[in-house]
Amino acid sequence: MDKTNMLNRLIDIVVEASGLMLTDDFQVTEKQGVANIVTSSDVAVQEFLRVRLKELLPDCGFLCEEEDQHDLAHEHVWIVDPIDGTANYARGIRECGICVGLRHHSQMELAVVYLPRTDELFTAERGKGAFLHHPESGKPAKQLKVSERPFAEGIMCTALSLYHKEHAKVCHDIIFEAYMQCNDVRRFGSAASELCYLAMGLYELYFEYQLSPWDFAAASLILEEAGGVLCDLDGKPLDHTKPSGVLAANTQESLQRLACIVKSHL
């Protein structure tokens, strides 16, 4: 199966899986305190995806958020976040969604991020561009392109390291310095949503001190295919199999400027 056909199949699977999200009948439990929760919908979506993606690509591995499914000893690995922005999901906030990326050897090849509450489905195939679809409304797909705004006019999406609050002070200092040089800051509580909105051209900058790979793997390809750029906190390419800090921007110039701010505080 070629990659384009596989992407189309993947879109159908993710949209079908979203039906397991669109319910008010779910339970919430804590994983590591009140800030880090899991819902029964997370578990249900992940198990559905694991079964269907294995059917789509039998000889594959998985790197998933829930239940320690970390099997990287394969040429192809699905990187899955069943619900990115679980806290948003549990509270009824719109910015939350399913993230699935396909990694081949060391690079991402396919990506789907679907926010069913906003009817925004983002897709990318390496070398073929990134697109926004609207499965519910049926509006035509739109190719994504980052904005051309300079750093001084940019809006930065960011956070204060929720799961590692011991890093809040350094995050605050980085955010403050960037804020004094750019236009404004935002926080949506979903890394994938924020990176996809950067790909749409709504925002220009992104900083998170530490994320898990399933938080950024799929969305990183979408952003790259829309013309954006990403790196870790040391300015190196992202490793999609390990936790990492993530910097992103609409241009290489803005990314380098943001990276300089971050390095000055680390």
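**Close-ups of a predicted model: one sheet, two helices and some salt bridges**

**View 1. The open sheet, strand by strand.** Seven strands line up as S3-S4-S5-S6-S7-S8-S9 in an open sheet, and the pairing is mixed. This is a predicted model. At the edges sit strand S3 (61-64) and strand S9 (142-143), each of which pairs on one side only. As a general reminder, strands of a sheet pair through backbone hydrogen bonds, either parallel or antiparallel.

**View 2. Zooming in on S6 and S7.** Strand S6 (residues 107-115) and strand S7 (residues 120-125) run antiparallel, and six bridges join them. Want one pair to look for? Take Tyr114, whose bridge partner in S7 is Leu121.

**View 3. Two helices packed on the sheet.** Helix H1 (residues 3-18) packs on the sheet and touches strand S4 (76-84), strand S5 (97-104), S6 and S7. The direction of H1 makes about 30° with that of S6. Helix H5 (residues 191-200) packs on the sheet as well, touching S4, S5, S6, S7 and strand S8 (130-133). For H5, the direction makes about 75° with that of S7.

**View 4. Salt bridges of Glu125 and Arg126.** The structure holds eleven salt bridges, and here are two of them. Lys128 and Glu125 meet through their side chains at 3.4 Å, N to O. Is Glu125 buried or exposed? Glu125 counts as buried, because its relative accessibility is 6% and the cut-off for buried is under 20%. Next comes the salt bridge between the side chains of Arg126 and Glu224, at 3.6 Å, N to O. That pair links distant parts of the chain: Arg126 is in the loop between S7 and S8, while Glu224 belongs to helix H6 (residues 213-225), 98 residues apart. Arg126 is partly exposed at 26% relative accessibility, and so is Glu224, with a relative accessible area of 35%.

**View 5. Glu204 meets Arg149.** The side chains of these two residues form a salt bridge at 2.6 Å, N to O. Where do the partners sit along the chain? Glu204 lies in the loop between H5 and strand S12 (205-211), and Arg149 in the loop between S9 and strand S10 (155-158), so the pair links distant parts of the chain, 55 residues apart. Glu204 is buried, with a relative accessible area of 2%, whereas Arg149 counts as partly exposed at 37% relative accessibility.

**View 6. A salt-bridge network.** Here the residues to pick out are Glu16, Arg52 and Glu55, which are linked in a network of salt bridges.

Methods:
Residues numbered from 1 in each chain as written. Predicted model: local features only at pLDDT ≥ 70, side-chain atom pairs only at ≥ 80, totals over all residues. Heavy atoms only, no water. Pairing = 2+ DSSP bridges. Helix = DSSP H or I, 4+ residues; strand = E, 2+ residues; numbered from the N terminus. Contact = heavy atoms within 4.5 Å. Axes fitted to C-alpha atoms, helices over the stretch in contact; angles between N-to-C directions. Salt bridge = Lys/Arg side-chain N within 4 Å of Asp/Glu carboxyl O. Buried < 20%, exposed > 50% of the residue type's maximum accessible area, 1.4 Å probe, protein only.
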